[in-house]
Amino acid sequence: SSSSSSSNYPHDRRSPSARPLTKRLRKLILSICEHDVQPAGLGVGPGAFATPTFGAKTTACTIRRIVEQHVRDQEADTLQHGAGLICSERDELWRRCRALDVSGTGIVSQKALLGILEEVCGELGWPDFLQSVGVADTVAYGEFLAVPQVRWFNKGSATQVIAMAQATAEAELQLGGLEALFDSVSADGLITPQLARRALQRLLPSLREEQLVGLTQALFGNDPVELSTALHQLALFADKPRFSEPWMQPALQRLAVLVQKSYGPPPLHAALMRFFRRLDSNRNDLVSQDEFVAGIQKLLQMQQGQLILQQQHQSFSPGQLMRLFDAVDGNRTGTICFLELLLAMDERTQRPVLPEFPALEGAVPSMLYVHKAAVLQACRTMDTLETGCITVPDFLALVEALAEVVGRPLTAASRAALAKVLGGNEDLAYMEALGTFEVSACGEAWHWPND
């Protein structure tokens with residue numbers, strides 16, 4: 001039978017495999033060791049994410065698989081997980097501290113707080129955690145427990161765009177796949193706002209229509225753009241490569257000047273795409289080390305390159321070019337895709353300001369964050385057709401079952417707030433939704449990274 005919170009939804013919206021739902025979910029969740037379950041693994045070695053075909057669906061799935069890998073990496077972050085646990089168990093932690101504070105000073109010792117954290121939240125390496133956040137020998141526990149916050153952008157967030165951009169850069173995507181993703185294989189090769197919105201929908205299926213429209217406008221504007229422009233905008237949200245030797249970044253900047261002069265007109269990202277296609281001598285949309293070295297040497301032999309090098313710098317040795325190739329090849333696959341070249345050599349203009357999306361705060365997001373692996377595995381079990389989505393009523397029932405299992409049943413207000421935020425007419429892309437938590441700690445009682 002379905003739970004009370006989902007009784008307002010039509011029964012034909014429920015997954016066929018989900019009856020009887022609550023009993024099955026409780027059994028599933030109880031069989032999962034808390035905090036330790038990892039989702040099904042994906043290969044992460046060289047070439048693991050190469051896209052052999054140029055289909056839009058294949059390209060989008062490749063990017064989303066890498067986003068999923070990033071979600072699992074985030075789960076392994078002890079500092080964030082510890083903060084999430086404190087949020088989830090905040091009331092019980094406060095009661096335990098208050099019971100020890102017989103004089104009502106609002107202060108307990110660090111040793112006492114450590115014991116309480118281990119009893120209530122389980123083993124996590126709490127001594128190192130408390131040291132990392134700067135806890136002193138005595139702790140004002142009320143302030144300490146009030147600092148961490150977990151927010152859930154269940155319908156999307158700016159952090160999703162960053163994760164998606166980084167995954168796109170890591171995916172070793174061929175230009176044909178990127179063209180298919182944006183449908184820019186049309187006659188004029190331009191990407192209209194409608195095509196850009198459709199591409200974002202493939203990459204971020206949890207976003208609603210109005211959010212997709214706003215995000216598309218913020219990223220790509222209102223006019224048709226070339227593929228290189230769209231990729232330039234996405235690359236602004238990905239990390240540039242880290243260079244192991246100080247001469248590498250200036251060298252790439254000098255080469256970018258030559259590319260601009262030899263393969264112009266501006267902008268640089270358009271010239272880089274023309275240059276990349278010239279480097280790709282075997283037309284497989286990837287550049288090998290031999291192709292890179294030969295292409296750069298040819299560029300340096302051109303008249304523009306000779307003039308600039310005579311005026312400013314000496315030429316590069318083959319060994320230097322090989323090391324430069326390795327630096328650009330961020331995912332260590334032995335080939336360079338266009339996005340890797342773009343990240344290494346393009347101009348870094350200011351990031352577009354992205355629209356803010358609503359967030360859910362409180363006990364429910366904290367519980368979902370702490371037990372995210374269990375929720376994800378439960379979603380996958382319900383998703384018998386492997387579509388990446390389950391119905392909202394099924395997800396609501398899952399959350400209710402989890403809340404009962406961990407001993408904190410949802411209140412009527414929490415249930416209503418969750419149902420309102422999720423909505424009832426759209427399926428939930430659970431992987432994307434469960435990848436949009438934000439853990440923060442703003443207050444003098446904590447020293448949080450990047451404060």
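This is a guided tour of a predicted model, stop by stop.

**Ground rules**

In this predicted model, local features need pLDDT of at least 70, side-chain atom pairs count only at pLDDT 80 or more, and totals for chains, interfaces and linings use all residues. Residues are numbered from 1 along each chain as its sequence is written, and side-chain values use heavy atoms, with hydrogens and water left out.

**Stop 1: colour by confidence**

Start with pLDDT, the predictor's confidence in each residue, from 0 to 100. The chain has a mean of 81, and 80% of its residues reach 70 or more. Next, select helix α16, residues 303-311: confidence is lowest there, at a mean of 53. Strand β6, residues 287-288, is where it is highest, at 96. Helices (H or I, at least four residues) and strands (E, at least two) are DSSP runs, numbered from the N terminus.

Now select residues 1-21, where the pLDDT is below 50. Beyond near neighbours in sequence, this stretch has 45 contacts in the model. A contact means heavy atoms within 4.5 Å. Residues 32-53 also have pLDDT below 50, and that stretch has 49 contacts beyond near neighbours in sequence. Where pLDDT is low, the predicted coordinates should not be read in detail.

**Stop 2: the three-stranded sheet**

Select β8, β3 and β11. They form an open sheet in the order β8-β3-β11, with antiparallel pairing. β8 and β11 are the edge strands; each has a single partner strand, so one side of each lacks a neighbour in the sheet. Strands of a sheet pair through backbone hydrogen bonds, either parallel or antiparallel. Here, two strands count as paired if DSSP finds at least two bridges between them.

Take the pairings one by one. β3 meets β11 in the antiparallel sense over five bridges. β3 and β8 (residues 360-361) are also antiparallel, over two bridges.

Zoom in on W152. Opposite W152 in β11 stands F437. On the β8 side, the bridge partner of W152 is L360. Then select R151: E361 in β8 stands opposite.

Show the side chains of β3, residues 148-152. Which of them are buried? P148, V150 and W152 point to one face and are buried. Q149 and R151 point to the other face and are not buried. Buried means under 20% relative accessible area, exposed over 50%, and partly exposed in between (1.4 Å probe, protein chains only).

Add helix α3, residues 78-88. The helix lies across β3 and β11 and runs at about 95 degrees to β3. Axes are lines fitted to C-alpha atoms, for helices over the stretch in contact, and angles run from 0 to 180 degrees between N-to-C directions.

**Stop 3: aromatic rings**

The structure holds 10 aromatic pairs. Select Y369 and F437. This pair is edge-to-face, at 5.6 Å centre to centre and 65 degrees between the planes. The pair links distant parts of the chain: Y369 sits in helix α19 (residues 363-370) and F437 in strand β11 (residues 437-441), 68 residues apart. Both Y369 and F437 are buried. The pairing rule: rings of Phe, Tyr and Trp (its six-membered ring) pair if their centres lie within 6.5 Å; planes under 30 degrees apart count as stacked, over 60 as edge-to-face and the rest as tilted.

Then select W126, F129, F144 and W446. These residues form one aromatic cluster.

**Stop 4: cysteines**

Select C87 and C97. C87 counts as buried, at 7% relative accessibility. C97 is buried too, with a relative accessible area of 0%. How many disulfides does the structure hold? Zero. A disulfide is a pair of cysteine sulfur atoms within 2.5 Å.

**Stop 5: backbone outliers**

Most residues other than glycine have a negative phi, and most peptide bonds are trans. Go to the loop between α13 (248-263) and α14 (268-279), where P265 is found. A cis peptide bond joins G264 and P265, with omega about 10 degrees. P267 is in the loop between α13 and α14 as well. The bond from P266 to P267 is cis, with omega near 5 degrees.

Move on to the loop between α14 and β6, and select R283. Its phi is positive, near 60 degrees, and R283 is a residue other than glycine. R283 counts as exposed, at 61% relative accessibility.

Finish with D285, found in the loop between α14 and β6. D285 has a positive phi of about 65 degrees although not a glycine. Buried or exposed? D285 is buried, with a relative accessible area of 12%.
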